[in-house]
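Biologist: I am new to this one, so could we walk through it together, one question at a time?

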Protein chains: 2
Amino acid sequence: MEPPQRISPNLALEEYVAHRLSMGQTMVNLGLGEARLPVHPALLERLAAAAPANSYGPVAGTEPARRAAAGYFTRRRLPTSPTQIVMGPGSKPVLFALLTAIRGDVILPRPCWMSYAAQTGLAGHRAIRVPVPPRCGGVPDPVALQEMIKDARSRGHHPRVLVLTNPDNPTGTSAGPDIVRQVCEIAGAEDLVVISDEIYRDIPHDPALPQLSPAEVLPARTVVLTGLSKSLALGGWRIGLARFPAGEWGRRLHDQVVAIASEMWSSVAAPMQEVAAYALSEPPEIVDHLEASARLHASVATAAHHAVTMVKARCEAPQGGFYVYPDLEPARAILAAKGITGAPQLESHLLRHYGIAVLGGHHFGDRVDGLRFRAATSQLYGANAEEQWAALRDPDPASLPYVAKQLDLLRCALIEMTEEAMPLTSAASGSAQQVHH
Amino acid sequence: MEPPQRISPNLALEEYVAHRLSMGQTMVNLGLGEARLPVHPALLERLAAAAPANSYGPVAGTEPARRAAAGYFTRRRLPTSPTQIVMGPGSKPVLFALLTAIRGDVILPRPCWMSYAAQTGLAGHRAIRVPVPPRCGGVPDPVALQEMIKDARSRGHHPRVLVLTNPDNPTGTSAGPDIVRQVCEIAGAEDLVVISDEIYRDIPHDPALPQLSPAEVLPARTVVLTGLSKSLALGGWRIGLARFPAGEWGRRLHDQVVAIASEMWSSVAAPMQEVAAYALSEPPEIVDHLEASARLHASVATAAHHAVTMVKARCEAPQGGFYVYPDLEPARAILAAKGITGAPQLESHLLRHYGIAVLGGHHFGDRVDGLRFRAATSQLYGANAEEQWAALRDPDPASLPYVAKQLDLLRCALIEMTEEAMPLTSAASGSAQQVHH
Ligand SMILES: Cc1ncc(COP(=O)(O)O)c(C=O)c1O
Ligand SMILES: Cc1ncc(COP(=O)(O)O)c(C=O)c1O
């Protein structure tokens with residue numbers, strides 16, 4: 001058991017940004033991976049109607065919530081019974097209960113969402129990092145995976161869990177069916193448990209994005225993790241869930257996780273479970289809203305991708321979720337001349353000089369001397385519900401003045417940082433100056 | 001780290017009872033420690049109004065929620081700043097984060113709430129049990145405590161945390177200021193951290209019940225734990241919190257718990273925090289409701305105490321919360337003739353023969369061959385919100401037919417069990433028969 005000494009960096013950054021904003025400072029907040037959209041009115045209504053529900057209820061979740069979750073997965077080529085579902089107050093605690101239940105080392109893609117490593121340490125396990133191939137964020141390179149397992153075993157370690165994220169945070173890419181299949185075959189042969197984090201699944205940038213769940217390839221050994229935080233912008237409502245494999249082994253793991261849940265969190269807030277039962281049944285108004293949200297996320301993430309690739313940067317085109325993950329390696333010499341020799345300096349330079357909040361790649365397990373950062377573009381949809389609804393409805397939201405302006409600030413900051421020391425004189429430079437302090 | 005293999009017994013029993021009720025069977029459900037009362041309308045309104053809040057927000061809790069919590073403690077002789085507060089989705093996860101942050105063995109009263117021991121194991125610590133003196137449930141006997149610490153140290157163990165519960169679950173008693181002071185002095189001298197679970201504090205049976213918080217005696221080393229699950233019957237809304245000591249040591253522990261919280265649960269559901277901000281500010285309608293609830297809990301727990309002490313049983317008079325904890329030791333020989341030689345048999349006999357759900361004393365750390373059980377009398381207020389509201393408003397709720405009938409069933413079952421083999425012929429016996437199967 002290795003308790004983290006500091007607050008999760010994304011949440012810490014968010015608190016810092018909120019503090020600066022409250023002091024009236026201009027910021028471009030690309031830090032926290034939160035879908036900054038209003039709650040759909042049908043969900044507001046459900047929560048209000050469900051308020052009288054005040055019983056603890058079953059640990060694994062109420063019958064209606066679990067039945068709806070089973071339907072949700074069944075519609076995604078994963079036939080599921082309600083007994084395979086465990087609800088949690090966010091997918092984060094469910095993941096932690098899983099990592100507590102399963103002994104052994106945890107294999108993580110490099111880079112990956114920061115809480116995987118923190119939770120692995122907290123649960124007393126060793127993390128093993130395996131690099132991801134290009135455009136396959138969240139899914140390790142099969143050859144490297146195989147080698148890493150062999151190497152770990154030869155050192156007496158016990159690789160046991162493989163975490164996959166698809167679509168991925170931080171890269172915003174989505175690994176295709178081929179590599180998912182290859183990696184699952186290795187996992188099967190090596191007797192690994194796959195935890196497949198599919199929390200961004202309902203935010204494909206192209207509705208035809210081919211998505212293969214590891215649970216389709218390795219059904220007896222894959223636990224699928226998801227929640228409503230990202231797809232329905234309900235991070236602050238704390239609704240997550242896991243789907244366990246059918247069969248004896250899955251049932252045992254399910255029971256262990258429920259036992260742990262009963263001591264960790266008891267149950268998900270009962271009114272939130274009624275919301276989950278409704279949302280996971282995917283009525284037409286929610287499906288429409290999901291599609292509109294995915295279009296917005298796609299549009300702005302793609303525009304951000306254009307903005308960052310206009311400068312000396314590499315960046316893979318995003319395919320799902322709401323992140324871009326640029327690499328300023330091509331500008332290393334220029335950045336070094338400004339004292340920026342790694343991700344922490346890059347992060348703090350963007351924050352101090354431009355008021356742009358991002359997270360350096362080191363938070364995701366990437367090299368501390370690398371020049372990568374994650375921008376959560378879901379923060380750009382406006383300062384209030386009205387602007388956010390307008391963004392949701394606009395056919396070209398990236399052109400809305402309040403979205404475009406922030407993308408401009410990002411672009412200009414990157415231009416200024418990565419150009420040879422030649423001061424800009426354009427209007428763009430002027431607007432970037434406004435956020436210097 | 002020792003994951004529990006089974007679901008928390010109280011929650012498991014509740015699920016079993018719900019299953020039997022759904023099959024149309026008559027039950028007297030005294031199992032789960034849940035305040036079976038409707039939500040106050042002002043709280044329903046707040047939740048509905050707060051529904052648009054969908055951001056993760058600060059890990060420790062929103063500023064308004066923490067400010068209200070600080071006021072709550074300040075009004076209870078514990079001057080508190082909002083920076084000393086951490087909110088959690090129930091007090092259970094907050095306790096778990098605390099036990100994860102603090103290394104060392106955990107001293108628990110015997111008997112005590114079952115999740116303390118389960119969480120202690122889960123956090124990888126050793127539990128040390130110290131008996132409680134009569135009428136002082138939740139607070140160990142000072143002499144035994146001192147000896148147990150000495151003994152533990154002599155064996156190379158490291159007693160570090162002392163958990164106190166006042167008013168107590170399961171005994172329903174409340175330790176007086178004298179013993180609290182003595183125990184805190186020992187804790188101070190032995191450099192223990194006191195976790196003071198005061199979740200039943202706002203349910204005193206006598207409004208003049210003297211209540212001394214360990215945080216008043218040992219301010220620098222006491223963490224106070226509370227929540228809205230019991231006092232406001234909001235178990236299913238998952239709102240808990242901790243108050244950390246002022247000063248350097250308290251601040252460091254606070255920061256560690258926040259770091260752990262950021263990886264375990266991120267934050268409490270944002271709409272629930274708006275509810276907490278309102279409820280913890282204790283407006284008059286909530287204070288009235290708390291007082292009415294405490295009167296109801298007192299009245300029914302006291303009636304249950306009368307019911308069980310009419311037979312060959314010992315039982316301390318309840319002083320707070322909604323439990324009685326009878327001991328059928330005086331009827332041991334009679335019970336033994338029926339095959340009831342310990343708490344598990346007692347529990348299962350009451351359930352199978354009388355449809356009465358209680359928890360045997362072994363769940364609370366008491367001897368498995370003892371004859372104690374906990375009855376949660378808060379389950380008796382009626383089958384629906386209407387009956388429960390009527391119970392809340394009645395000057396003598398224990399006489400309401402639907403309350404009295406269940407108390408009768410309990411009394412008759414105990415009479416039948418503890419009497420020499422002489423069949424009852426009264427009407428009471430008839431009604432008890434109805435729930436035999
Ligand atoms: C990949 C991934 N998984 C899980 C989560 C956890 O979200 P929640 O606990 O709100 O379900 C996040 C949120 O940032 C995430 O990015
Ligand atoms: C003594 C005690 N502490 C804490 C709790 C936890 O309640 P919650 O997690 O709902 O705050 C309970 C509930 O049964 C309890 O009896």
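Modeller: Gladly, and keep in mind that this is a predicted model. A good place to start is the interface of domain 1 of chain A and domain 2 of chain A, where residue pairs in polar contact were counted with both partners at pLDDT 80 or more. The count comes to 14 residue pairs.

Biologist: How many salt bridges does the rule find across that interface of domain 1 of chain A and domain 2 of chain A?

Modeller: A salt bridge needs a side-chain nitrogen of Lys or Arg within 4 Å of a carboxyl oxygen of Asp or Glu. Across the interface of domain 1 of chain A and domain 2 of chain A, the number found by this rule is zero.

Biologist: Which element of chain A gives the most residues to the side of domain 1 that touches domain 2?

Modeller: Helix 1 (9–22), helix 11 (284–309) and strand 9 (323–324) of chain A each bring at least two residues to that side of domain 1. That side of domain 1 of chain A divides into 15 nonpolar, nine polar and four charged residues. With nine residues, the element that gives the most is helix 11 of chain A.

Biologist: What area is buried between domain 1 of chain A and domain 2 of chain A?

Modeller: Interface size is often expressed as the accessible area lost when the parts come together. On the domain 1 side of chain A, Glu316(A), Gln319(A) and Phe364(A) supply 27% of the area buried against domain 2, more than any other three residues. Carbon and sulfur atoms give 58% of the total between the two domains of chain A, which is about 2,400 Å².

Biologist: Let us turn to the two chains. What area do chain B and chain A bury between them?

Modeller: The contact takes 61 residues from chain B and 61 residues from chain A. Of the area buried between chain B and chain A, 61% is on carbon and sulfur atoms, and the total is about 4,800 Å².

Biologist: How many residue pairs are in polar contact between chain B and chain A?

Modeller: Salt bridges between chain B and chain A number zero. For polar contact, with both residues at pLDDT 80 or more, the count between chain B and chain A is 28 residue pairs.

Biologist: Which helix of chain B gives the most to the side that touches chain A?

Modeller: Several helices of chain B supply at least two residues each, among them helix 1 (9–22), helix 5 (114–122) and helix 9 (248–264). The side of chain B that touches chain A divides into 37 nonpolar, 15 polar and nine charged residues. The most, seven residues, comes from helix 9 of chain B.

Biologist: Now the ligands. Which chains surround ligand 1?

Modeller: Among the closest of the 14 residues around ligand 1 are Asp197(A), Ser229(A) and Tyr56(B). Oxygen atoms of ligand 1 lie 2.7 Å from a polar side-chain atom of Asn169(A) and 2.8 Å from an N or O atom in the side chain of Arg238(A). The site is shared between chains, because the residues that surround ligand 1 come from chains A and B.

Biologist: And which residue has a side-chain N or O atom 2.6 Å from a nitrogen atom of ligand 2?

Modeller: Ligand 2 has 14 residues around it, and those that come nearest include Ser91(B), Tyr200(B) and Ser229(B). Oxygen atoms of ligand 2 lie 2.7 Å from a polar side-chain atom of Asn169(B) and 2.8 Å from one of Lys230(B). The partner at 2.6 Å from a nitrogen atom of ligand 2 is Asp197(B).

Terms used:
Residues are numbered from 1 along each chain as its sequence is written. Chains are lettered from A and ligands numbered from 1 in the order in which they are written. This is a predicted model: local features need pLDDT of at least 70, side-chain atom pairs count only at pLDDT 80 or more; totals for chains, interfaces and linings use all residues. Side-chain values use heavy atoms; hydrogens and water are left out. Buried area is the accessible area (1.4 Å probe) that two parts lose on being put together, summed over both. A polar contact is a pair of N or O atoms within 3.5 Å; within protein, one must be able to donate a hydrogen and the other to accept it, and residues adjacent in sequence count only if both atoms are side-chain atoms. Helices (H or I, at least four residues) and strands (E, at least two) are DSSP runs, numbered from the N terminus. Ala, Val, Leu, Ile, Met, Phe, Trp, Tyr, Cys and Pro count as nonpolar, Asp, Glu, Lys and Arg as charged, and the others, Gly among them, as polar. A residue is near a molecule or strand if one of its heavy atoms lies within 4 Å of it. Contact means heavy atoms within 4.5 Å.
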